[in-house]
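Subject: Structure handover

Hi,

Here is the structure for you to look over. My notes on it follow below.

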Amino acid sequence: MTMRITSTLIFTICINVFAFGAAFLPNKYVINEPIHSSLTLFASPSKRNDVESIATISLNRQWLIARFGCTEERLDQMLPHSQYDIIEGSDLKDRADWLQQRLDLSESQMKKLIQQYPVILAKKPETNVEPKLKYLQSRLNLTDAKLQSVVTNFPALLGYSIDNNMEPKLEYLQSRLNLTDA
């Protein structure tokens, strides 16, 4: 028997599976990958002692604190031990502006999103974030408003791999719940 479920219920199930799914999935669906795989707000190890790199990191952190109300503790927690290059301040601002415009976020929604998941600004919009937004919107048949809700309520979702995390879990749910494509 095939059944259809409302998009709100599917959304709720998906968010819970993405957040807590590994505990409920058979081992073949468990993906062990870091969420923050493209973190770039800090300097690479070879650049950590470079005065210019340290200054850029400091300015980026100050900007995140001033613009979005992030705390030092939260930044330390979300941005530990990076092994990648630095994002220039203008790129960081451009990424924030792009994300806010793409999701049509108010200033308060944007602050909430960045306070929860500042790592999102380390991801390149055109090659990392936009493909995930398009995938989620098409795969879950989300309106722009629903997509905005998904991302603001669970921004770490944009840190997951489509191929190694989202798609296997959605396929498992679809087969397990005997759902048809929307």
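Contact here means heavy atoms within 4.5 Å. Keep in mind that this is a predicted model.

**The chain as a whole**

The protein chain has 8 helices and 0 strands. Along the sequence, the pattern reads α-α-α-α-α-α-α-α. Of its 182 residues, 46% count as buried. Take the contacts in the chain with a separation of 6 or more: residues 24 or more positions apart account for 79% of them. The exposed surface comes to about 10000 Å². Carbon and sulfur atoms supply 53% of that surface.

**H4 against H5**

Start with helix H4, residues 89-102, and helix H5, residues 107-116. They pack at an angle of about 120°, and their axes are 10 Å apart. Angles of 65 to 115 degrees count as roughly perpendicular, and those over 145 as roughly antiparallel. H4 and H5 are therefore oblique to each other. Their crossing is right-handed.

Which residues meet there? From H4 come Ala96, Leu99 and Gln100, and from H5 come Glu107, Met110 and Leu113. By class, this contact has 4 nonpolar, 1 polar and 1 charged residues.

**Leu99**

Leu99 deserves its own look. It sits in helix H4. Is Leu99 buried or exposed? Its relative accessibility is 2%, so Leu99 counts as buried. Leave out residues up to four places away in sequence, and Leu99 touches Leu105, Met110, Leu113, Ile120 and Val129. Two of these names, Met110 and Leu113, also appear on the H5 side of the helix contact. Pro125 is 26 residues from Leu99 in sequence. In space, the two are 7.6 Å apart, C-alpha to C-alpha.

**H6 and its cover**

Next is helix H6, residues 125-139. Its buried residues are Pro125, Asn128, Val129, Glu130, Lys132, Leu133, Tyr135, Leu136 and Gln137. What covers them? The cover includes H4, H7 and helix H8, which spans 162-176. Val129 links back to the previous section, as Leu99 of H4 touches it.

Lys132 is one of the buried residues of H6. The cut-off for buried is under 20% relative accessible area. Lys132 has 9% relative accessibility and therefore counts as buried. Setting aside neighbours within four places in sequence, Lys132 is in contact with Leu158, Gly159, Tyr160, Ile162 and Met166.

**Two positive phi values**

Two loop residues are worth a check on your screen. Asp104 lies in the loop between H4 and H5. Its phi is positive, about 55°, although Asp104 is not a glycine. At 63% relative accessibility, Asp104 counts as exposed.

Asn141 comes just after H6. It is found in the loop between H6 and helix H7, which covers 144-153. Phi of Asn141 is near 55°, again a positive value in a residue other than glycine. Asn141 is exposed, with a relative accessible area of 52%.

**Where to look**

Open the H4 and H5 contact with Leu99 in view. Then move to H6 and find Lys132. Finish with the two loop residues, Asp104 and Asn141.

Best wishes

Note on methods:
Residues numbered from 1 in each chain as written. Predicted model: local features only at pLDDT ≥ 70, side-chain atom pairs only at ≥ 80, totals over all residues. Heavy atoms only, no water. Axes fitted to C-alpha atoms, helices over the stretch in contact; angles between N-to-C directions. Helix = DSSP H or I, 4+ residues; strand = E, 2+ residues; numbered from the N terminus. Parallel < 35°, antiparallel > 145°, perpendicular 65-115°, else oblique. Left-handed = near helix turned anticlockwise from the far one by under 90°. Nonpolar A, V, L, I, M, F, W, Y, C, P; charged D, E, K, R; others polar. Buried < 20%, exposed > 50% of the residue type's maximum accessible area, 1.4 Å probe, protein only. Areas by Shrake-Rupley, 256 points an atom, 1.4 Å probe, with all protein chains shown as cover.
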